[in-house]
Amino acid sequence: MQLQATNSPFNQEQADLLNRLLPALTDMQKIWLSGYLVAAVPAAAAGAGTPGAQAQTSGAPAAASKEITLLYGSQSGNSQGLTKKAAKKLEENGFQVTVSSMSDFKTNQLKKVEQLLIVVSTHGEGEPPDNAIAFHEFLHSKRAPRLEGLKFSVLSLGDSSYEWYCKTGQDFDTRLEALGGTRFYPRVDCDVDYEEPASKWVEGVLSSLKEAQGARTAAAVVQGATAPAAEAAAAAESVYSRTNPFAAEVLANINLNGRGSNKETRHLELSLEESGLVYQPGDALGVYPLNDPTLVELLLAETKWDPAATVTVGKQGEAHPLREALTEYLDITTLTKSLLDKLAPLASKPDLAQLLASGNEAAAKAYIKGRDLLDFIRDYGPLQGSAQDVVSNLRKIPVRLYSIASSQRANPDEVHLTIGAVRYDAHGRERKGVCSTYCAERLQPGDKVSVYVQPNTHFKLPEDPGTPIIMVGPGTGIAPFRSFMQEREEAGAAGPSWLFFGDQHFVTDFLYQTEWQRWLKDGVLTRMDIAFSRDTDEKVYVQHRMAQHAKELYEWLKQGAVVYVCGDMKNMARDVHKTLAEIISSEGGMSLDQAEAYLTEMKKNKRYQRDVY
């Protein structure tokens, strides 16, 4: 078939060029070109200058934008990782994606955004992650613009064992709509086992965007053309990930606390040999724990279930013997209101209905706290139905994230963790942290444990090794700072460094004491201030040491120091933040509001970073 200038919109020279090109193309090249032209026609037609072109397009609706802004708010890195995957998928389908942390996004650009995707986690008691706080506050302030032209969708991450499950994502979703935005795909709330619902959200978003584009064929062709490149890029990464963890051999498992301590803090060394896993100081390691076998046996004895009976687990319906499922796969230590609602039809005690009745939220919340599945069965059983009926309502054991306590540069093929064993009494029974006591009591050198690396780009050493750093890490919060020091020692970093560390007793609880003293002697660490709260009549914590050295600390801030805080979020991190604001206020001659603004600016400039939990 030959194009003729007389029966086509091309002049003779263009027709000749096409007639020479088309016979040389493969079928795949022709298909790709046709899809490309379908996608390109709306833009070209919009700019056409001939009267005929104007007449043909004037009545047609404008093509939907192919530009997507993707913002993420992440504390541990999960939201950032999902954002990266979503951006790749969208780009494979021909969309132009701008990815940004909420802390880096310029809010004056929001009015110009036409299509917005938000991926955000909920931290603590319904709070935004650190890098989402400023954007969250802006969007809920009077300065937020009207957004009638905005199309948006939200992916929210959370943990259903917390009262304010996925609240931050819900906040963004509700507020964007209130400002006039239109939800083009419904919000999806994800629990700790987030991969499948997150994947469905991405597919749903993509489908909605394609529908708006009205060019599914072109998008499919572009996807087919770019998939090999995407697959090649993925193949370059380690094969081990959250969904395919690496079985790391335990090299050492040491109690860091001295005899007589009230605590047990384990130093765990794991081999990463032949894993291909790479980490940087500040990253975390995901650990998949096993449930306490004693608790599993108590549960089996209480229910009289056959431990060898086969049950299916998860949405994929994997078959396992019941004892194995309860030990290796299912969360049996966490009660939630949602789980109680699901198990209520199986309960034999009528008073459960009253506990779960509308308006009785406080009582349900009080019951859930400190109790597990065994408590529930003892209180409201025997349960009607089979083991499968119960198992089908249990979620997977959540992975635990621990700040890495080593530098890979200093420890090739190894990763180190600092884990405090959690034990306490509640409701007449001893309770144990699932992962912490798994590591403390049952992992021995030579054993294997399933792990993966969780990058954390929000807790990183400054690019300039000469930048001063201030590290605040009581208890196990010391872990990432050990990795910082190992890295700086290997790199020969000359910048000043200052550590604030605290725990209960100097003699028994000074974690990695000889290492810190050596770094101080060798000049790798410039300064160290310690606080041991049970060694004096008046309890002294790290924030008290900071306040005692307010003048020097503020001088470091004026010299551009980066402040890092790691550890307990509920108490320590808040107290440290309050102390920082008071120091900046008093030493800088500012009001407390101005000091808070100073800290907010430090966060934006990555000079105030927190790894809190």
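Let's start right at I332. Leaving aside neighbours within four places in sequence, I332 touches N291, L295, V296, L299, L326, D372, L373 and L394. Keep in mind, everyone, that this is a predicted model.

So where does I332 sit? It belongs to the largest nonpolar core, a set of 33 residues. Along with L322, L326 and F376, I332 is among the residues with the most contacts inside that core. Several elements each put in at least two residues: the helices α9 (293-303), α10 (322-328), α11 (337-343), α12 (351-355), α13 (361-368), α14 (373-380) and α15 (387-391), plus the strand β10 (310-313). Which of them gives the most? That's α14, with five residues.

There is also another core, lying apart from this one. That second core has 24 residues, including V472, V563, L599 and Y608.

Now let's zoom out to the chain. We have 613 residues, and 48% of them count as buried. I count along with the assignment here: 23 helices and 21 strands. Among contacts with a separation of 6 or more, 76% join residues 24 or more positions apart. On the outside, the chain exposes about 29600 Å², with 52% of that supplied by carbon and sulfur atoms.

Last, a friendly word on confidence. The mean pLDDT is 87, and 86% of the residues reach 70 or more. Two stretches to flag, though. Over residues 38-62, pLDDT stays under 50, and the model has seven contacts there beyond four places in sequence. Residues 215-236 also stay under 50, with 22 such contacts. Where pLDDT is low, please don't read the predicted coordinates in detail.

Conventions. Residues numbered from 1 in each chain as written. Predicted model: local features only at pLDDT ≥ 70, side-chain atom pairs only at ≥ 80, totals over all residues. Heavy atoms only, no water. Helix = DSSP H or I, 4+ residues; strand = E, 2+ residues; numbered from the N terminus. Buried < 20%, exposed > 50% of the residue type's maximum accessible area, 1.4 Å probe, protein only. Contact = heavy atoms within 4.5 Å. Areas by Shrake-Rupley, 256 points an atom, 1.4 Å probe, with all protein chains shown as cover. Core = buried A, V, L, I, M, F, W, Y, C linked by side-chain atoms within 4.5 Å. pLDDT = per-residue confidence, 0-100.
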